[in-house]
Amino acid sequence: MNADVNAEVSTEDELARVVRDHAGRLAGALVSLLGDFSAAEDLVQDAVEIALRRWPVEGIPDRPDAWLFTVAKRRGLDVLRRQQNYRAKLAELQHQDEQPVAPDDRLRLIFTCCHPALAREAQVALTLRVVCGLTTAQIAAALLAKESAVAQRITRAKRKITDAGIPYRIPRDDELPERLTEVLTVIYLLFNEGYLSSTAERAHSRDLVDDAEWLTALLHGLLPNEPEVAGLLALIRLHRARTPARFTPAGELVLLEDQDRTLWDQTAIAEATALLTRTAHRHHAPGPYQLQAAIAACHSEAPTWAETDWRQILVLYDMLLTLQPSPVTCLHRSVALSFVEGPAVALAEVDRLALDTYPLFHATRAQFLRDLGRDTEAHVADERAADLTANPAQLDLLRERLAR
Amino acid sequence: MTRIVIRLKLSTGGKRVKYVLMFIETEEYLKELDAMTPGEREQAYQRVYQWFDDHRDKISDRGNKLQGAETATTVRLDGGVAMTTDGPFIEGKEVVSGFTEIDVADLDEALRMVKTWPACPVVEIRPVAEM
């Protein structure tokens with residue numbers, strides 16, 4: 001990559017960051033004001049599109065929030081000419097310095113975008129667009145979806161919010177746990193989408209992991225006493241801390257056991273672990289995100305793969321399985337089990353799982369078979385894994401193993 | 001730090017939304033109902049009456065319980081000639097068995113109501129179109 005491309009990328013990143021910091025806030029305030037989710041969102045999207053065209057040429061304004069606000073307001077007065085009600089409200093709206101603060105309405109915005117009456121993929125697209133200020137094109141590129149499909153998904157979701165009377169409100173206390181779970185699922189999905197996708201294919205598209213972390217940090221700031229929000233934030237940060245070691249310079253995936261641990265961001269690990277510990281002290285009975293973060297923390301603190309505290313990890317997986325039984329979690333647990341009880345026990349455990357179409361199932365079996373000296377069977381299992389995987393980085397890894 | 005100042009009073013309250021709740025029966029539910037003693041069935045009805053009573057301020061039209069799907073007749077008008085057939089418009093294991101109209105603040109209020117519904121296992125919530 002040459003210097004010019006680098007500069008271009010960093011300007012783009014900077015643009016994306018600025019838009020993300022302000023677009024959701026503006027959308028939140030406008031929905032409150034107009035009482036019309038769809039109309040407010042359209043205004044903000046318009047302003048964002050104009051900003052993305054003009055800022056690269058004119059430079060990012062000193063006060064991007066005021067800039068976006070002015071454009072959205074002008075567009076609003078223009079577009080909504082016929083709707084006297086909105087026009088009057090918009091005309092009243094002012095943007096001033098050092099004035100009493102409009103509440104940060106982004107929490108309401110998040111809960112509306114992640115309402116359980118919306119389909120999961122609509123929740124994901126809507127959250128990216130409305131809360132993070134992504135354009136439809138950016139969302140499509142990041143999710144490897146067609147732009148027209150994403151646009152339609154968003155239009156339908158917005159129509160449903162209006163027509164079905166989905167409220168713009170923070171859920172009541174008795175509804176909050178269930179609704180928060182829904183929000184965290186959406187963010188976790190974004191994180192996985194970004195984290196597991198290959199680097200090569202999406203090198204120039206939006207880093208969804210960054211958006212997932214930003215969203216979780218925002219949520220943590222707005223709901224500081226929710227332990228699972230803190231848990232998800234720690235989980236994402238612990239994974240991100242290992243990013244520099246996850247790929248070779250050529251873009252090949254490096255497994256956790258083979259990573260150069262000196263490349264890990266120790267400051268980020270220490271901070272995330274501290275957040276997790278603080279949360280655990282204040283709340284008993286950790287939820288699934290805290291447990292997953294605790295497992296990630298065990299890996300992050302281990303000097304080598306072999307010296308990992310596998311017994312502790314096994315206990316954490318058992319707790320996780322009690323909360324959320326899942327064959328995939330059992331599969332991950334089996335790796336810890338193989339270190340504590342040996343590969344024979346672990347193999348017997350995974351052979352009970354109905355995961356025949358899951359590539360990692362066969363790759364894990366292959367590892368245990370190799371540990372047991374059953375190389376021919378291991379080879380067959382690796383081949384099966386390679387047949388099933390669609391991820392180019394994982395495929396490279398399996399091919400290399402098969403060639404050995 | 002610049003902030004957006006909203007000087008208007010936010011008036012999001014007051015608006016109401018009408019929904020029709022469509023109650024849907026499944027084969028298993030009907031079997032359960034059949035297996036009940038008369039006393040148990042009476043209690044089941046009582047729970048339904050109680051639900052209607054608990055939510056009477058939000059129910060704008062109690063609607064009706066419908067006769068079984070085997071009594072349905074469907075007419076199709078889209079083929080040029082009116083076609084009359086026996087049975088519901090979709091043959092399935094789940095059939096609409098009744099409806100009620102409610103008048104509430106938003107979907108969340110409707111959801112809260114429906115989550116306490118004591119009878120058939122599926123309820124569809126549809127906003128009424130404003131004409």
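**Entry 1: ground rule.** Two residues are in contact if their C-beta atoms, placed from the backbone, lie within 7 Å. I keep that cut-off in mind for the entries on helix pairs. I also note that this is a predicted model.

**Entry 2: chain A overall.** I looked up the secondary structure of chain A first, and it comes to 20 helices and one strand. Chain A has 404 residues, and 39% of them count as buried. I then checked how far its contacts reach along the sequence. Taking the contacts in chain A with a separation of 6 or more, 60% are between residues 24 or more positions apart.

**Entry 3: α9 and α10 of chain A.** How far apart are the axes of α9(A) and α10(A)? I found 7 Å between the axes of helix α9 (residues 176-196) and helix α10 (residues 208-222) of chain A, at an angle of about 155°. Angles over 145 degrees count as roughly antiparallel, so α9(A) and α10(A) are roughly antiparallel to each other. Their crossing is left-handed.

I then listed who meets whom. From α9(A) come V183(A), I187(A), L190(A), F191(A), E193(A), G194(A) and Y195(A). They meet L208(A), V209(A), D211(A), A212(A), L215(A), T216(A) and L219(A) of α10(A). By class, I get ten nonpolar, two polar and two charged residues in this contact.

**Entry 4: α10 and α11 of chain A.** I stayed with α10(A) and moved on to helix α11 (residues 227-240) of chain A. The two axes come within 9 Å and cross at roughly 150°. That makes α10(A) and α11(A) roughly antiparallel as well, and α10(A) passes α11(A) in a left-handed crossing.

On the α10(A) side I noted V209(A), A212(A), E213(A), T216(A), A217(A), L219(A) and H220(A). Facing them in α11(A) are V229(A), A230(A), L232(A), L233(A), I236(A), R237(A) and R240(A). This contact splits into nine nonpolar, two polar and three charged residues. I spotted some repeat names: V209(A), A212(A), T216(A) and L219(A) are in the contact with α9(A) and turn up again in the contact with α11(A).

**Entry 5: α17 and α18 of chain A.** Further along the chain I tried another pair, helix α17 (residues 343-350) and helix α18 (residues 359-371) of chain A. Their axes come within 9 Å and cross at roughly 150°, which means that α17(A) is roughly antiparallel to α18(A). The crossing is left-handed here too.

Which residues make this contact? α17(A) supplies P343(A), A346(A), L347(A) and V350(A). α18(A) supplies F361(A), T364(A), R365(A), F368(A), L369(A) and D371(A). I sorted these residues into seven nonpolar, one polar and two charged.

**Entry 6: a UniProt span in chain A.** An unreviewed UniProt entry places "domain: RNA polymerase sigma factor 70 region 4 type" at residues 110-161 of chain A. I looked at that span in the model: it is 73% helix and 0% strand, and its end C-alpha atoms lie 13 Å apart.

Next I picked I161(A), the last residue of the span. I161(A) sits in helix α8 (residues 147-163) of chain A. Is I161(A) buried or exposed? The cut-off for buried is 20 or more other C-beta atoms within 10 Å. I161(A) has 25 of them within that distance, so I161(A) is buried. Leaving out residues up to four places away in sequence, I161(A) touches F37(A), S38(A), T112(A) and I166(A). I also looked at L276(A), which is 115 residues from I161(A) in sequence and 35 Å away in space, C-alpha to C-alpha.

T112(A) led me to helix α5 (residues 106-113) of chain A, which is mostly covered, with six of its eight residues buried. The buried ones are R106(A), L109(A), I110(A), F111(A), T112(A) and C113(A).

**Entry 7: chain B.** I finished with chain B, which has three helices and seven strands. Reading from the N terminus, I wrote the order down as β-β-α-α-β-β-β-β-α-β. Of its 131 residues, 13% are buried. For contacts between residues at least 6 apart in sequence, 77% join residues at least 24 apart.

UniProt has an annotation here too: "domain: YCII-related" (unreviewed entry) covers residues 53-131 of chain B. I found that stretch to be 13% helix and 41% strand, with 29 Å between its end C-alpha atoms.

Terms used. Residues numbered from 1 in each chain as written. Chains lettered and ligands numbered in written order. Predicted model: local features only at pLDDT ≥ 70, side-chain atom pairs only at ≥ 80, totals over all residues. Axes fitted to C-alpha atoms, helices over the stretch in contact; angles between N-to-C directions. Helix = DSSP H or I, 4+ residues; strand = E, 2+ residues; numbered from the N terminus. Parallel < 35°, antiparallel > 145°, perpendicular 65-115°, else oblique. Left-handed = near helix turned anticlockwise from the far one by under 90°. Nonpolar A, V, L, I, M, F, W, Y, C, P; charged D, E, K, R; others polar. UniProt positions renumbered as here; feature names shortened; annotations may be inferred. Buried ≥ 20, exposed ≤ 12 C-beta atoms within 10 Å, placed from the backbone.
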